[in-house]
Amino acid sequence: MKFFVDTADVAAIAELNDLGMVDGVTTNPSLIMKSGRDILEVTKEICDMVSGPVSAEVVATEADDMIAEGRKLAKIADNITIKVPLTWDGLKACKVLSEEGNMLNVTLCFSANQALLAAKAGATFISPFIGRLDDINIDGMDLIADIRTIYDNYDFRTEILAASIRSVNHMTQAALIGADVATAPPNVIKQMANHVLTDKGLDAFMKDWAKTGQKIL
C-alpha cells in the first residue's frame, strides 16, 4: 500500500520523505489554510520535494470553472494531481481534465455508486472518506471493501485512496482490504511505529546493558 501524506506542512513532509515513507501528498483548502501560505507557492515546494503525485484541490463548484482552475494547477508541476469533488460538475471536470492527460483525484466519496461513476469518468484516484463515515456510525471500511470488489470485478484502473484516516487501525484495515493508497496525517504515520511491547522490551534491554558497564562508543 502506498503512503500519501495528508498535509501542507513542508517540514513534516520532508521528515517522512527522508525516510522513504512518502509516495505522494494530498492537500485541500483546509490544509492550505493551516499552513498560512499561498496555495501555488506551497504546492510548488511540495512538488519539488516529492516525486509522487501531489493533489491540489480546485475550489470552484461549476464544471467550467473547475476545469479552468484544474488547468492552472496542473501547470505547477508534472506530478500535480487535480483534486475535484464527487459532484456531477466534478465528474464533468474529471472527464475533461483526465482526457487532457492529467491525473485526477475525485474526493469526498461516500458511496460505492459514487466510486463507480468516478472510475467511469476517468479518475486516477478515488478518495473514500473513512473517518467521516465512522463519525455518523457507518463503518468506513465497508465502503473500501465494496469499492475494491467493484473495481476488481471490472478491472478499473482507478486507485482506491483511503482518506480521512484517523488512526493506525484505519491504516491496518485499509491495507488488509487492499486499498491502493492511504493518505494520513504525519502523526498517524509516525504512530504506526509505536507498540507498548517494543517500548517494554527496549527498556529491559537497556537496563541489562547498563549492568554490564560496557560501551560501544
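**Exercise 1.** In this predicted model, find which residue of S8 is the bridge partner of leucine 161, then place the strand pairing around it.

*Solution.*
Step 1. Leucine 161 has valine 181 in S8 as its bridge partner.
Step 2. Alanine 162 stands opposite alanine 182 in S8.
Step 3. Strand S7 covers residues 159-162, and two bridges join S7 to S8. The two strands run parallel.
Step 4. Now the connection. S7, helix H9 (residues 168-177) and S8 form a β-α-β unit, and this unit is right-handed.

**Exercise 2.** Determine which strand holds lysine 2 opposite valine 181, and how many bridges join S1 to S8.

*Solution.*
Step 1. Lysine 2 stands opposite valine 181 in S8.
Step 2. Strand S1 spans residues 2-6, and four bridges join S1 to S8. S1 and S8 run parallel.
Step 3. Put the pairings in sequence. Eight strands close into a barrel, in the order S1-S2-S3-S4-S5-S6-S7-S8, with parallel pairing. Neighbouring strands of this sheet are turned against each other by 30 degrees on average, direction ignored.

**Exercise 3.** Sort the side chains of S8 (residues 181-184) by the way they point, and state whether they are buried or exposed.

*Solution.*
Step 1. Recall the rule: side chains in a regular strand alternate between the two faces of the sheet.
Step 2. Val181 and Thr183 point one way. Ala182 and Ala184 point the other way.
Step 3. Apply the cut-off for buried, under 20% relative accessible area. All of these S8 residues are buried.

**Exercise 4.** Identify which strands helix H3 (residues 39-49) lies across.

*Solution.*
Step 1. H3 lies across S2 (24-26), S3 (54-57) and S4 (80-85).
Step 2. Relative to S3, H3 runs at about 170 degrees.

Definitions and conventions. Residues are numbered from 1 along each chain as its sequence is written. This is a predicted model: local features need pLDDT of at least 70, side-chain atom pairs count only at pLDDT 80 or more; totals for chains, interfaces and linings use all residues. Side-chain values use heavy atoms; hydrogens and water are left out. Buried means under 20% relative accessible area, exposed over 50%, partly exposed in between (1.4 Å probe, protein chains only). Two strands pair if DSSP finds at least two bridges between them. A crossover is right-handed if, with the strands pointing away from the viewer, the path from the first strand over the helix to the second runs clockwise. Axes are lines fitted to C-alpha atoms, for helices over the stretch in contact, and angles run from 0 to 180 degrees between N-to-C directions. Contact means heavy atoms within 4.5 Å.
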